[in-house]
Amino acid sequence: MESTPAAAVRPMNGGDGLHSYTKNSDFQRKAVDASKELIHKAISEKLDIEILSSSSIFKLADLGCSVGPNTFFSVQNIIDAVELKCQIQEKAIKLPEFLVFFSDQTLNDFNQLFQSLPPERPYFASGLPGSFHSRLFPSAFLHFVHSSYALHFLSGFPKEMEDKSSPAWNQGRINHSNASDEVVRCYEAQYSKDLENFLDARAQELVDGGLMGLIIPGRSHGTPHSQVFGNNVIELIGSCLVDMAKKGIVSYEKIDSFNFPWYFSSLEEVESIVQRTGFFSIETMESFPQVKPELETAAYTARAAFEGIIKRHFGHEIIDDMFILFEEKLKESSSFYETGECINLFVLLKRIATV
């Protein structure tokens, strides 16, 4: 399957202004907080003692770190769990030093990230720009990989979605929910390809027995894409764009050629992909509910996350008006807050030892 890059993919809003991700990421923070005990249990029960005793430096990476502050909470949770693991061993293990790599797309606001670093932190910090769908680190280098609220974004789309004569041409829509079966299959195929590439790269970068903890926005097995909360939000944004097209503010052609680059998978889909690649054993797989944003702040949450994606395709001129319209529609359509499913997948993988 040939793919074209999702040119619309952009990092979260940088800086620390009114519409920044720094000030509008409480929704994602709730997933980090909810998974804290899962991370502690994973490290307590699944992290091999040999990894801790064989190296004086524990190297971990947060992939899709954005600009903070959530990445700092995630990293601290991991370090706290590793330190506790060292302390409770019958045979004392010297605490390692910690080296943390914060990684995201090259356009991520790393200046904001490093300006926000906790001043009193128990680790050395480094930034690494690049796509996590390919290699980022040397071979057998990392001990732990973490990623939260990043793997549901797609790196591109199958080329048939650009062909107006193809059944996968998603005319009049900007997402796969409520779309044709052909469009849904394209999204599924791209997600599978992206996750396979991610796993292949991490398999080379993790030491044998290294762990990977992933928090992925998802859906329950059998839940239609049209009943996923996140997809409902994008459908609402799509309706805003159509309203603006009716007024001549944006073109219908622009809408037809835009597909929002994300996909909500089920645990079963993730399990199948992991098993197919064969690099990792599945140590834990479970889902947990995600608290939805407060209605009063939902428009700010969406803008902080999606502004760059929308601006890239439609231009900056429409952004203020579109999100004002989006906020109005949210208040008018608040009932979907109660009906759309909103869950996260927690996946803990261990690198299978190489021969």
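**Exercise 1. Which residue of β5 is the bridge partner of Asp 62?**

Before solving, note that this is a predicted model, in which local features need pLDDT of at least 70 and side-chain atom pairs count only at pLDDT 80 or more, while totals for chains, interfaces and linings use all residues. Residues are numbered from 1 along each chain as its sequence is written, and side-chain values use heavy atoms, with hydrogens and water left out.

Solution. Begin with the elements themselves: strands (E, at least two residues) and helices (H or I, at least four) are DSSP runs numbered from the N terminus. Strand β2 covers residues 57-63 and pairs with β5 in the parallel sense over three bridges, where pairing requires that DSSP finds at least two bridges between two strands. Within this pair, the partner of Asp 62 in β5 is His 146.

**Exercise 2. Place β5 within its sheet, and decide how far the strand is enclosed.**

Solution. The open sheet has seven strands in the order β4-β3-β2-β5-β7-β9-β8, with mixed pairing. Its edge strands are β4 (124-129) and β8 (280-289), each of which pairs on one side only. Next, look from β5 towards β7 (residues 206-218): the two run parallel and are joined by six bridges, and Ser 148 stands opposite Ile 215 of β7. Finally, consider burial, where buried means under 20% relative accessible area, exposed over 50%, and partly exposed in between (1.4 Å probe, protein chains only). Seven of the seven residues of β5 (residues 142-148) are buried, so the strand is largely enclosed by the rest of the structure.

**Exercise 3. Describe helix α11 and the surroundings of Phe 326.**

Solution. Helix α11 spans residues 319-332 and reaches 20 Å from its first C-alpha to its last, close to the 20 Å expected at 1.5 Å a residue, the expected span being 1.5 Å times one less than the number of residues. Its buried residues are Ile 319, Met 322, Phe 323, Leu 325, Phe 326, Lys 329 and Leu 330. Seen down the helix axis, these buried residues fall within an arc of 155° (taken from the directions from the axis to the C-beta atoms), so they line one face of α11. On the other side of the helix, Lys 331 and Glu 332 are exposed.

Turning to Phe 326, its contacts (heavy atoms within 4.5 Å), leaving aside neighbours within four places in sequence, include Val 233, Leu 236 and Ala 302.
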